[in-house]
Amino acid sequence: AVVNAEYGEAVVSTQSTGSQIGEGGGVTECTGLLHAILLWDGVASGVRGIALQSLLSERILPELEELRSEPGTVEVVEGVIRAIPSQWFDDTQVMVPELKGFAGYLVRLANKLGSSEQRSYKTAYKRVKSMLLRMHAIDLLKSK
């Protein structure tokens with residue numbers, strides 16, 4: 001095993017498989033790829049759907065679900081938000097349908113963070129709430 005701090009976090013990489021375990025390391029790699037694909041100007045909706053399905057839904061979300069619901073996790077999640085082109089949020093007043101699963105994860109994370117009385121958790125809750133607002137998915141938090 002090799003420790004890789006390239007992403008500013010402890011990530012253990014096994015040389016034989018190349019798989020990573022640790023604080024969101026796989027999420028960071030997939031997020032970079034997702035960002036590159038989604039930035040292609042005029043990308044066909046089919047390619048966008050495939051990128052979102054295979055990277056966000058099948059790879060990134062399961063890894064996020066494995067992370068503890070704590071303030072440090074919010075930084076990893078913010079990286080996912082940064083990977084999504086801003087026009088997805090700016091050009092519409094409704095949530096992009098392909099992001100519904102990710103929004104659901106954010107709601108669960110916000111609910112767990114918001115249930116703590118610790119100051120750092122309350123601050124993290126506000127950051128997640130801000131992400132939901134940017135995604136036009138804040139009503140999902142209010143309805144829970």
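These exercises work through salt bridges and selected residues in a predicted model.

**Exercise 1. State how many salt bridges a search of the whole structure finds, then examine the one formed by Arg68.**

Step 1. The search of the whole structure finds five salt bridges.

Step 2. The partner of Arg68 is Glu70. Their closest N and O atoms are 3.3 Å apart. The cut-off for a salt bridge is 4 Å, so a pair within it qualifies.

Step 3. Now check exposure. Arg68 has 53% relative accessibility and counts as exposed. Glu70 has a relative accessible area of 22%, which makes Glu70 partly exposed.

**Exercise 2. Find the salt-bridge partner of Glu78 and say which helices the pair ties together.**

Step 1. Glu78 pairs with Arg127. The closest N and O atoms lie 2.6 Å apart.

Step 2. Place both residues. Glu78 sits in helix α3 (residues 71–83), and Arg127 sits in helix α6 (residues 119–134), so the salt bridge ties together parts that are 49 residues apart in sequence.

Step 3. Add the exposure of Arg127. Its relative accessible area is 28%, hence partly exposed.

**Exercise 3. Describe the salt bridge between Arg134 and Asp90, and locate both residues.**

Step 1. The side chains of Arg134 and Asp90 meet at 3.4 Å, N to O.

Step 2. Arg134 belongs to helix α6, and Asp90 belongs to helix α4 (residues 87–90). The two are 44 residues apart, so this pair links distant parts of the chain.

Step 3. Arg134 is partly exposed, at a relative accessible area of 35%.

**Exercise 4. Decide whether Val107 is buried or exposed, and relate Val107 to Ile138.**

Step 1. Locate Val107: helix α5 (residues 100–114).

Step 2. Its relative accessibility is 2%. Buried means under 20%, so Val107 counts as buried.

Step 3. Val107 and Ile138 are 31 residues apart along the chain. Their C-alpha atoms are separated by 8.6 Å.

**Exercise 5. Build a picture of the surroundings of Arg59.**

Step 1. Arg59 lies in helix α2 (residues 45–66). At 37% relative accessibility, Arg59 counts as partly exposed.

Step 2. List the contacts, leaving aside neighbours within four places in sequence. They are Gly26, Cys30 and Ser54.

Step 3. Take Cys30 from that list. Arg59 and Cys30 are 29 residues apart along the chain, with C-alpha atoms separated by 7.5 Å.

Step 4. Add the side-chain link. A polar contact of 3.0 Å joins the side chains of Arg59 and Glu63.

Note on methods: Residues numbered from 1 in each chain as written. Predicted model: local features only at pLDDT ≥ 70, side-chain atom pairs only at ≥ 80, totals over all residues. Heavy atoms only, no water. Buried < 20%, exposed > 50% of the residue type's maximum accessible area, 1.4 Å probe, protein only. Helix = DSSP H or I, 4+ residues; strand = E, 2+ residues; numbered from the N terminus. Contact = heavy atoms within 4.5 Å. Polar contact = N/O pair within 3.5 Å; in protein donor to acceptor, adjacent residues only side chain to side chain.
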